[in-house]
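Please examine the sequence and the three-dimensional structure below. The paragraphs that follow lead through selected features.

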Amino acid sequence: MVSDVIFNRIVDEGYMRECFRLAQKGKKRVLPNPMVGCVVLDKTGKIVAKGYHKRYGAEHAERNALLKLENNEAEGGTLYVNLEPCSHYGKTPPCVNLIIERKIKRVVIGMKDVNPKVNGISKLIKAGIEVSMVLENEARFLNRVFIKNMTRQMPYVVLKTASTMDGKIATQTGSSKWITSEEAREEVYRLRKEFGCILTSSNTVIADNPRMEHKFKCILDKDLRVEKEAEIFKQGKFYVASSKNTPLKDDQLDIEYVLRKLYRRGIYTVFVECGGTLAGAMLREGLIDEVYQFIAPKILNDNSGLSCFNGDNISDISEARGLKFYEIKNVGPDLLIKGVLTT
């Protein structure tokens, strides 16, 4: 038989996963706030309310759920939320105060808030409310963008690349159109919309003259080599980082400085599309959080071809960077692998 402890944990995890599902409804609209969902049970274990953080500045998930209850059906019940309830005044009042006021008996949390202003757990415990945590790793993964933004004051960076099965993005002459399929390119257009900015290099712009349609683009162009007539300047807003407005590091633009400047401009996520030189430099400097790699069912079979990443001189395989894959799917004839950098 399953013990009561195991059974209760399974129940808690089920409701927490529902919080994750609800939280994702606010994706993109809540930044720079986290995605949060909430499920409320009455004292008999029946769901009486659900809520989520809908957009930045709107009521938080706990308040969104509890304010739906006109007769305080949650008294003596349990509240599930994937992030520690806030305990300070911001654009909305503290959620902890409302939870205490509604006489909730138990609160189950996914993860502690990385915002140093928040101490909701201690306030709940002080008020006599039982607090427990489940699925912390999953909760942190869900809000990995928020965690990076809050703890490092930098945007979350995803690098996209497209290669043959042997890791080549172009031939030795620079021929690259098209490695992947039209379906893959359509998927890239869709993915771009999920990010606050596209970042690329002058090398990529000069070689491919891409339009890279997006509301905001950042071009790393140390010596201002890109012509004003380039396609990339014909749509959207853009920021050009050059030696005139950016400090140099090892005679190259300081990319971390650029990313921090983008963050100060309200850019919380960056989608990088570039060649192996910039990709390699960003990987070496620890500036990439995730990689989206499209792999075409093709083999170039030529070591002179251009590689996805080109920035290190590695002698031992233990020095290779590690990733944790979390999504693998077919896009037309191609494969899309998404992975978070782990080392």
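**Salt bridges, a pocket and a surface patch**

In this predicted model, Glu256 is partly exposed, with a relative accessible area of 25%. Its side chain meets that of Arg260 in a salt bridge, with a distance of 3.1 Å from N to O. Arg260 is likewise partly exposed, at 27%. The two residues are 4 residues apart in helix 9 (residues 255-264), so about one helical turn separates them.

A second pair lies in helix 1 (residues 4-23), where Glu18 and Arg21 are 3 residues apart. Their side chains form a salt bridge of 2.6 Å, N to O. Glu18 counts as buried because its relative accessibility is 17%, under the limit of 20%, while Arg21 is partly exposed at 42%.

Arg192 and Glu273 also form a salt bridge, their closest N and O atoms being 2.6 Å apart. Arg192 belongs to helix 7 and Glu273 to strand 13 (residues 269-273), so this pair ties together parts that are 81 residues apart in sequence. Both Arg192 and Glu273 are buried. The count of salt bridges comes to 21.

Glu273 appears again at the largest pocket, being one of the residues nearest the centre of that pocket. The pocket has a volume of about 1500 Å³ and is lined by 50 residues. By class, the lining has 19 nonpolar, 15 polar and 16 charged residues. Elements that each supply at least two lining residues include helix 7 (182-192) and helix 10 (276-284).

On the surface, Leu323, Phe325 and Ile328 form a nonpolar patch with about 300 Å² of accessible area together. Leu323 lies in strand 16 (residues 323-331) and is partly exposed, at 38%.

Technical notes. Residues are numbered from 1 along each chain as its sequence is written. This is a predicted model: local features need pLDDT of at least 70, side-chain atom pairs count only at pLDDT 80 or more; totals for chains, interfaces and linings use all residues. Side-chain values use heavy atoms; hydrogens and water are left out. On a 1 Å grid over the protein atoms alone, a cavity is a set of points where a 1.4 Å probe fits but cannot get out, and a pocket is an open set with protein on both sides within 12 Å along at least five of seven lines; lining residues have an atom within 4 Å of a point. Grid points are joined across faces, edges and corners, and a volume is the space filled by probe spheres set on the points. Ala, Val, Leu, Ile, Met, Phe, Trp, Tyr, Cys and Pro count as nonpolar, Asp, Glu, Lys and Arg as charged, and the others, Gly among them, as polar. Patches are made of residues with over 30% relative accessible area and no salt bridge: like charges are joined within 9 Å, nonpolar side chains (Val, Leu, Ile, Met, Phe, Trp, Tyr) within 5 Å. Accessible areas come from the Shrake-Rupley method with a 1.4 Å probe; for residues, only the protein chains shown count as cover. A salt bridge is a side-chain nitrogen of Lys or Arg within 4 Å of a carboxyl oxygen of Asp or Glu. Buried means under 20% relative accessible area, exposed over 50%, partly exposed in between (1.4 Å probe, protein chains only).
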